[in-house]
Amino acid sequence: VQLQASGGGLVQAGDSLRLSCAASGRSFSSYVMGWFRQAPGKEREFVAGISLTGGRTYYADSVKGRFTISRDNAKNTVYLQMNSLKPEDTHVYYCAAGKLLRVDLKEYDYWGQGTQVTVSS
C-alpha cells in the first residue's frame, strides 16, 4: 500500500489542523493505521493509532484530549484532527500502515512521506 500524507502547515498556538493520509490499493481496511511524528535530531515517536474498523484508538499522553484519529475505509483515508496546538507539536508528521495496533514504529510496514506541522507561539 502507498500512503500520501497532506494537510500540514504553519499555524499559531491554539489553532487546529487536520492531517489526511490517502492510501492506494484495495487492502486499506486490512491495515491498522498510525500517525507518528519526528523533530530534527530526535527519534520518530508514536502519536495515535486506530484499528481496522476504527473501533479502537490509542493516543500518546502528550496529545490525548487534543488530537483525534479517525478513518474512512470507503475513501481509503485516515485523518488526524489536531486541536489546541502547541509549539511543542512542531514536527514532521508521518502516517503508517501495519498489522498490529502498537506504538512501536517497527510494527508498521508502510510509511507516507511526511507533512510538516509548525506551530508558532
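Which side chain makes a polar contact with the side chain of Arg-66? Keep that in mind as you open the viewer, and remember that this is a predicted model.

**Stop one: Arg-66**

Select Arg-66, in the loop that runs between strand S6 (57–59) and strand S7 (67–72). Its side chain meets the side chain of Asp-89 in a polar contact of 2.7 Å, which settles the opening question. Now show the backbone of Ser-84 as well: its oxygen lies 3.0 Å from a polar atom of the Arg-66 side chain. To see the surroundings, add the residues that Arg-66 touches, leaving aside those up to four places away in sequence: Gln-81, Met-82, Asn-83, Ser-84, Leu-85, Lys-86 and Asp-89. Is Arg-66 buried or exposed? With a relative accessibility of 11%, Arg-66 counts as buried.

**Stop two: Tyr-31 and Tyr-110**

Next come the aromatic rings. Pairs with ring centres within 6.5 Å are what to look for, and the count comes to six aromatic pairs. Select Tyr-31 and Tyr-110 to see one that is edge-to-face, with 5.7 Å from centre to centre and 90° between the planes. Tyr-31 sits in the loop between strand S3 (17–23) and strand S4 (32–38), while Tyr-110 belongs to strand S10 (residues 108–111), so this pair ties together parts 79 residues apart in sequence. Colour the two by accessibility and you will find Tyr-31 buried, at a relative accessible area of 10%, whereas Tyr-110 is partly exposed at 31%.

**Stop three: Phe-36 and Tyr-108**

Move on to Phe-36 and Tyr-108, an aromatic pair that is also edge-to-face: the centres are 5.1 Å apart and the planes make an angle of 75°. Here strand S4 provides Phe-36 and strand S10 provides Tyr-108, so the pair joins parts that are 72 residues apart in sequence. Both Phe-36 and Tyr-108 are buried. Extend the selection with Phe-46, Tyr-58 and Trp-111, and you have the cluster that ring pairs link together with Phe-36 and Tyr-108.

**Stop four: charges over rings**

Stay with Trp-111 and bring in Arg-44. The charged end of Arg-44 sits over the Trp-111 ring, 5.0 Å from the ring centre. Then go back to Tyr-31 and show Lys-99 beside it: which ring lies under the charged end of Lys-99? The ring is that of Tyr-31, whose centre is 4.3 Å from that charged end. Tyr-31 thus appears twice on this tour, in its ring pair with Tyr-110 and under the charge of Lys-99.

Notes
Residues numbered from 1 in each chain as written. Predicted model: local features only at pLDDT ≥ 70, side-chain atom pairs only at ≥ 80, totals over all residues. Heavy atoms only, no water. Phe/Tyr/Trp six-rings, centres within 6.5 Å; stacked < 30°, edge-to-face > 60°. Helix = DSSP H or I, 4+ residues; strand = E, 2+ residues; numbered from the N terminus. Buried < 20%, exposed > 50% of the residue type's maximum accessible area, 1.4 Å probe, protein only. Lys NZ or Arg CZ within 6 Å of the ring centre and 35° of its normal. Polar contact = N/O pair within 3.5 Å; in protein donor to acceptor, adjacent residues only side chain to side chain. Contact = heavy atoms within 4.5 Å.
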